[in-house]
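Me: I'd like to go through this model with you, starting with a pocket and then moving on to rings and strands. Short answers are fine.

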Amino acid sequence: MPVEITNSPAFSVIIPTFNGAARINSCLHALIGQVAAQQGEILVVNDGSSDNTSEVVGSYPGIKLITQANAGPAAARNRGALEARGAIILFTDDDCVPTPDWVAAMLASFRDPQVVGAKGTYRTNQKELVARFVQIEYQDRYRLMKGLDSIDFIDTYSAAFRRDRFLEMSGYDTSFPVACAEDVELSYRMSARGWKMKFAPDAIVYHTHPATLSSYLRKKYKFAYWRVLAVRKNPSKAVKDSHTPQLMKLQLLFLPALLAAAAFDLVLRPLGPASAAVVIAFLVSTLPFSIRAIKCDLLVGLLSPAILALRACAQFFGVLAGLIHVRQKLNKAPSQEPA
């Protein structure tokens, strides 16, 4: 069924893709009917793919294909927003499969004229233990957002904005070269202006989460690394945002605290009470999440303390590397002082 192109579409769905030929079919199949029914348009931004992405997208009549040299997902989304004709722009990723009422659920938030942006949710059908843990982790964060009058965290996998406001902010920061934290940084900037953004829990896209522990930990390292840059640009969000559990920030200190306690025990207390105290404190900090997880998935809940400990270590190293990266950039920056 081709997308119906009108003179003035009510909204535009923008999908950036890089070598997404093997992924994007499912996404487009899920979108094309609901977009046509509500008089919208779909734009796919091919960000310098070397596979046959253009041919795959070109097989769908009515979808606008934009091709550019590889510039990263932030630049691709910004390009789509510039060429979009709808007053509301919706973003999702080429590896996401929106549910049949995703568009309607996203647009519903904008019935309030004060709303500038909206955020939907992830789901998965995966059976792997780590993927099940990741889904519960997302649900735990959604729990924080429910009931809030306004949020400050909109992820690109299920996002919507008023186009004029998005362009007013110059879109996503293209200094983020990968799909990681550029969406957080834009959300923080919009929040700093006092703009209202809503959580839309019924705007669901299905996704393939990391299925192995190693891939999950690499992703957490990467997110923590790039989040440092987002927070540096918006330092007020270092204390709290609507998406990040406060306990998770405390858990980041687990590894350095454990190493310091082990050194203390080695020198002064051979029986190791300081190390034990750190481990016990960490386990206590995991109880709220673990109890909620057990209610959803017994095995995941029981293993959560161990996974959370590994997550804390990966995030600690990510933050540390991010701080080093920021420091190096500052040292390389030319002096702004007058000669």
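Me: Which helices each supply at least two residues of the lining of the second largest pocket?

Reply: H5, helix H9 (246–251), helix H11 (273–296) and helix H12 (298–332). Helices (H or I, at least four residues) and strands (E, at least two) are DSSP runs, numbered from the N terminus. A pocket is an open set of points on a 1 Å grid over the protein atoms alone, where a 1.4 Å probe fits, with protein on both sides within 12 Å along at least five of seven lines; lining residues have an atom within 4 Å of a point.

Me: Anything to know about the model itself?

Reply: This is a predicted model, in which local features need pLDDT of at least 70 and side-chain atom pairs count only at pLDDT 80 or more, while totals for chains, interfaces and linings use all residues. Residues are numbered from 1 along each chain as its sequence is written, and side-chain values use heavy atoms, with hydrogens and water left out.

Me: Back to the pocket. Which residues are closest to its centre?

Reply: Asp140, Pro245, Leu247, Phe289 and Arg292, out of 17 that line the second largest pocket.

Me: Now rings. How many aromatic pairs are there in the whole structure?

Reply: A search finds 18. Rings of Phe, Tyr and Trp (its six-membered ring) pair if their centres lie within 6.5 Å; planes under 30 degrees apart count as stacked, over 60 as edge-to-face and the rest as tilted.

Me: Why is the pair of Phe133 and Tyr216 edge-to-face?

Reply: Their planes stand at 80 degrees, so the pair falls in that class, with the centres 5.6 Å apart. Phe133 is in helix H5 (residues 129–145) and Tyr216 in helix H8 (residues 213–233), 83 residues apart.

Me: Is Phe133 buried or exposed?

Reply: Buried, at 0% relative accessible area. Tyr216 is buried too, at 2%. Buried means under 20%, exposed over 50%, partly exposed in between (1.4 Å probe, protein chains only).

Me: And what about Tyr221 and Tyr225?

Reply: They are stacked, 6.4 Å centre to centre with 25 degrees between the planes. Tyr221 is partly exposed at 35%, and Tyr225 counts as buried at 19%.

Me: Last topic, the sheet. What is the strand order?

Reply: E3-E2-E1-E4-E7-E6-E8-E5, an open sheet of eight strands with mixed pairing. Two strands pair if DSSP finds at least two bridges between them.

Me: Which strands stand at the edges?

Reply: Strand E3 (64–68) and strand E5 (97–98). Each has a single partner strand, so one side of each is left without a neighbour in the sheet.
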